[in-house]
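Here are some exercises to work through with the model open beside you. Try each task on your own, then check the steps below it.

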Amino acid sequence: PGLWRCEAATLPTTPLCCPVICLFLSSREDECFLYGVFNGYDGSRVSQFVTQRLTAELLLGQLTLSRNDADVRKVLLQAFDVVERSFFESIDDSLAEKANLHSQLPEGIPHSQLPQQYQKLLEKLHKIEQEIAGGTTAIVALILNNKLYIANIGTSRALLCKSTADGQLQVTQVSVDHTTDNEDELFRLSQLGRSP
């Protein structure tokens, strides 16, 4: 879709905050604007992966002015699904190695109480766990055909702020938190065979 202008910034990390990647993409030709905030936890590896892959999924010609609301929602949902599958595929070998290492450890004994002969195995396991640890929340705002679409994963929130006729600021949350306080999220987890 046309020529894209891209700006991305990683906000500074503080001891209390993990890296946050902000993204702005625009195409004047198609009047399409994409904004995203990706808040990584346990490092920035996952948020960087999602920023790059989600952007590519959304901008590979799928978002055109001829799309209706249902089409745009479907494109957004599919993009998030493809990126999630891609991420798990990218760590598939590490997950398999982790399972293999776990199978070599005696069951029922805490790692801290294992004999010295298992220390090298535990070190490998710890290294792999660090490599695959982490995640990200994501909030994406897409403006297409002068309509605003919001998609999110996790607890990053989109807030719509506007002034009322009497000059007061009105703030409305337009995203849905994916937490165990959300019945839809509990149902989704149960469909995956997971409990909160």
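Start with V82, whose place is in helix α2. Keep in mind throughout that this is a predicted model.

**Exercise 1. Find out where V82 sits, and whether it is buried or exposed or in between.**

Solution.
- Step 1: Find helix α2, which covers residues 69-90. V82 is in that helix.
- Step 2: Look up the relative accessibility of V82, which is 22%.
- Step 3: Buried means under 20% and exposed means over 50%, so V82 at 22% counts as partly exposed.
- Step 4: Now pick E57 and compare the two kinds of distance. V82 and E57 are 25 residues apart in sequence, yet their C-alpha atoms are 7.9 Å apart in space.

**Exercise 2. Work out how α1 and α2 are arranged: at what angle do they pack, and which residues make the contact?**

Solution.
- Step 1: Take the geometry. The axes of α1 and α2 are 9 Å apart, and the packing angle is about 135 degrees.
- Step 2: Name the arrangement. An angle must be over 145 degrees to count as roughly antiparallel, so α1 and α2 are oblique to each other.
- Step 3: Add the handedness: the crossing of α1 past α2 is right-handed.
- Step 4: List who takes part. From α1 come R45, V46, F49, V50, R53, L54, E57 and L58, and from α2 come V75, L76, A79, F80, V82, V83, S86, F87 and S90. Both V82 and E57 from the previous exercise turn up here.
- Step 5: Sort the contact by class. That gives 12 nonpolar, two polar and three charged residues.

**Exercise 3. Do the job again for α3 and α4: at what angle do they cross?**

Solution.
- Step 1: Locate the pair. Helix α3 is residues 92-103 and helix α4 is residues 119-132.
- Step 2: Read the geometry. Their axes come within 10 Å and cross at roughly 150 degrees.
- Step 3: Use the cut-off again. Over 145 degrees counts as roughly antiparallel, so that's what α3 and α4 are to each other.
- Step 4: Note the handedness, which is left-handed for this crossing.
- Step 5: List the contact. α3 supplies S94, L95, E97, K98, L101 and H102, while α4 supplies L121, K124, L125, I128, E129, E131 and I132.
- Step 6: Sort these residues: six are nonpolar, two polar and five charged.
- Step 7: Finish with D92, which is found in helix α3. At a relative accessible area of 46%, D92 is partly exposed. D92 and I132 are 40 residues apart in sequence, but 9.5 Å apart from C-alpha to C-alpha.

**Exercise 4. Go to S47: is this residue buried or exposed, and which backbone oxygen lies 3.0 Å from its side chain?**

Solution.
- Step 1: Place S47 in helix α1, residues 45-58.
- Step 2: Check its accessible area. The relative value is 0%, so S47 is buried.
- Step 3: Look for a polar partner. A polar atom of the S47 side chain lies 3.0 Å from the backbone oxygen of S44.

**Exercise 5. Look at the loop between β4 and β5: what are the phi values of N145 and N146?**

Solution.
- Step 1: Find the loop. It joins β4 (135-144) to β5 (147-153), and N145 is in it. N146 is found there too.
- Step 2: Recall the usual case: most residues other than glycine have a negative phi.
- Step 3: Read the values. Phi of N145 is near 55 degrees, which is positive, and phi of N146 is near 60 degrees, also positive.
- Step 4: Check accessibility. N145 is partly exposed, at 30%, whereas N146 is exposed, at 75%.

**Exercise 6. Follow K162: which residues does it contact beyond its neighbours within four places in sequence?**

Solution.
- Step 1: Place K162 in strand β6, residues 159-163.
- Step 2: Check its accessibility, 49%, which counts as partly exposed.
- Step 3: Leave out the neighbours within four places. K162 is then in contact with Q168, L169 and Q170.
- Step 4: Try a distance to T172. T172 is 10 residues away along the chain, and the C-alpha atoms are separated by 8.7 Å.

**Exercise 7. Step back to the whole chain: how many helices and strands does it have?**

Solution.
- Step 1: Count the elements: five helices and seven strands.
- Step 2: Read their order along the sequence: β-β-β-α-α-α-α-β-β-β-β-α.
- Step 3: Look at burial. Of the 196 residues, 34% are buried.

How values were computed. Residues are numbered from 1 along each chain as its sequence is written. This is a predicted model: local features need pLDDT of at least 70, side-chain atom pairs count only at pLDDT 80 or more; totals for chains, interfaces and linings use all residues. Side-chain values use heavy atoms; hydrogens and water are left out. Axes are lines fitted to C-alpha atoms, for helices over the stretch in contact, and angles run from 0 to 180 degrees between N-to-C directions. Helices (H or I, at least four residues) and strands (E, at least two) are DSSP runs, numbered from the N terminus. Angles under 35 degrees count as roughly parallel, over 145 as roughly antiparallel, 65 to 115 as roughly perpendicular and the rest as oblique. A crossing is left-handed if the near helix is turned anticlockwise from the far one by less than a right angle, and right-handed if clockwise. Contact means heavy atoms within 4.5 Å. Ala, Val, Leu, Ile, Met, Phe, Trp, Tyr, Cys and Pro count as nonpolar, Asp, Glu, Lys and Arg as charged, and the others, Gly among them, as polar. Buried means under 20% relative accessible area, exposed over 50%, partly exposed in between (1.4 Å probe, protein chains only). A polar contact is a pair of N or O atoms within 3.5 Å; within protein, one must be able to donate a hydrogen and the other to accept it, and residues adjacent in sequence count only if both atoms are side-chain atoms.
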